[in-house]
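Student: I'd like a close look at one part of this protein, namely the strands and how they pair. Could you start there and then work outwards to whatever sits around them?

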Amino acid sequence: MRTRTSPAFIDFEASSLDLIASYPIEVGICLPDGTLHSWLIQPHVLWQDWSESAEQVHGITRETLETEGTPVSEVAAHLNQLLSGQVFCDAWTFDSFWLHRLFRAANTRADFQLESISMLLDANQVRHWSASRQQVIKRLGLPVHRAANDALILHRTWEEIQLFAADDEPLHGRSRQV
């Protein structure tokens, strides 16, 4: 499934990588035009899981979430207001779990469908994704493992992969200036 219009991207940071007890602590989105939005998520009363090693990676404390986080119902409402159709992520198993936990805690449904970024890429683009992503990270100079930054990295890597794919297409009789 290749598309010429830019898709929306989403990324989550979480309390841990435990697919039973973990929960989303931050969500970031990058809209098709490159606009970024992110929210720290106030833990729902039933969310108790916490991993010190995960905190070391993303740098967000539970105390920060409790004092500065946005309630789950507000985060879900913002996401539904800004997103529709398909929204893409790079860790579908984890991101879909955390999206489900967020919307379940908010007692509502997502008005958009989460898909793996691999759905956007052809085989050649998949082969070059990791190297292109690393170049984007280096060029942007942004810390990773913050949701908005990671969503922007997905967006920019997708843009670069599109250019790369266009450069790799056979010329079919056209000339290319060098």
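Tutor: Let's start with the parallel pairing. Strands β1 and β4 (residues 85-89) run parallel and are joined by two bridges. One residue pair to click on is Ala8, whose bridge partner in β4 is Val87. Keep in mind that this is a predicted model.

From β4 you can step across to β5 (residues 112-116): these two strands also run parallel, with five bridges between them. Here Phe88 is bridged to Glu115 of β5. So β4 has bridges to β1 and to β5, by the definition of a strand pair. At residue 89 you also meet a cysteine: Cys89 is buried, its relative accessible area being 0%.

The antiparallel pairing is elsewhere in the chain. Strand β2 (residues 24-30) and strand β3 (residues 36-40) are joined by five bridges and run antiparallel. Take Ile29 as a marker; its bridge partner in β3 is His37. Five residues lie between the strands of this hairpin, and Gly34 has a positive phi near 95° there. Cys30 counts as buried, at 0% relative accessibility. As for disulfides, the count is zero.

To place those strands in the whole chain, there are five strands and six helices in the protein. Read from the N terminus, the elements go β-β-β-α-α-α-β-α-β-α-α. Of the 178 residues, 46% count as buried.

Now for the space around the strands. The largest pocket holds about 360 Å³. It is lined by 21 residues, and the closest to its centre are Phe12, Glu13, Leu17, Trp98 and His145. Elements giving two or more residues to this lining are β1 (8-14), α1 (52-58), α4 and α6 (147-168). Strand β1 gives the most, with four residues. Sorted by class, the lining has 11 nonpolar, six charged and four polar residues.

His145 deserves a second look. This residue lies in the loop between α5 and α6, and its phi is positive, near 65°, though it is not a glycine. Most residues other than glycine have a negative phi. His145 counts as partly exposed because its relative accessibility is 35%.

The second largest pocket has a volume of about 180 Å³. Its lining is made up of Trp92, Ser96, Leu99, His100, Phe103, Arg104, Thr108, Arg109, Ala110 and Leu114. Helix α4 gives the largest share, six residues. By class that lining has five nonpolar, three polar and two charged residues.

Ser96 is a good residue to zoom in on here. You'll find Ser96 in helix α4 (residues 92-105), and its side chain reaches the backbone oxygen of Trp92 at 2.7 Å. With a relative accessible area of 19%, Ser96 is buried, since the cut-off for that class is under 20%.

Follow the chain on and you come to Asn107, in the loop between α4 and β5. Asn107 is not a glycine either, yet it has a positive phi of about 60°. At 72% relative accessibility, Asn107 counts as exposed.

Last stop, helix α5 (residues 123-140), where Arg139 lies. The side chains of Arg139 and Glu160 are joined by a polar contact of 2.3 Å. Arg139 counts as exposed, with 55% relative accessibility. Leu140 is found in helix α5 too, and is partly exposed at a relative accessible area of 27%. Leu140 and Ile153 are 13 residues apart along the chain, and their C-alpha atoms are separated by 8.2 Å.

To tie this back to your strands, β4 is the one to keep on screen, with its two bridges to β1 and its five bridges to β5. From there, β1 takes you to the largest pocket, where it gives four residues to the lining.

Technical notes
Residues numbered from 1 in each chain as written. Predicted model: local features only at pLDDT ≥ 70, side-chain atom pairs only at ≥ 80, totals over all residues. Heavy atoms only, no water. Buried < 20%, exposed > 50% of the residue type's maximum accessible area, 1.4 Å probe, protein only. Polar contact = N/O pair within 3.5 Å; in protein donor to acceptor, adjacent residues only side chain to side chain. 1 Å grid on protein atoms, 1.4 Å probe; cavity = no way out; pocket = protein on both sides within 12 Å on 5 of 7 lines; lining within 4 Å. Points joined across faces, edges and corners; volume = space filled by probe spheres on them. Nonpolar A, V, L, I, M, F, W, Y, C, P; charged D, E, K, R; others polar. Disulfide = S-S within 2.5 Å.
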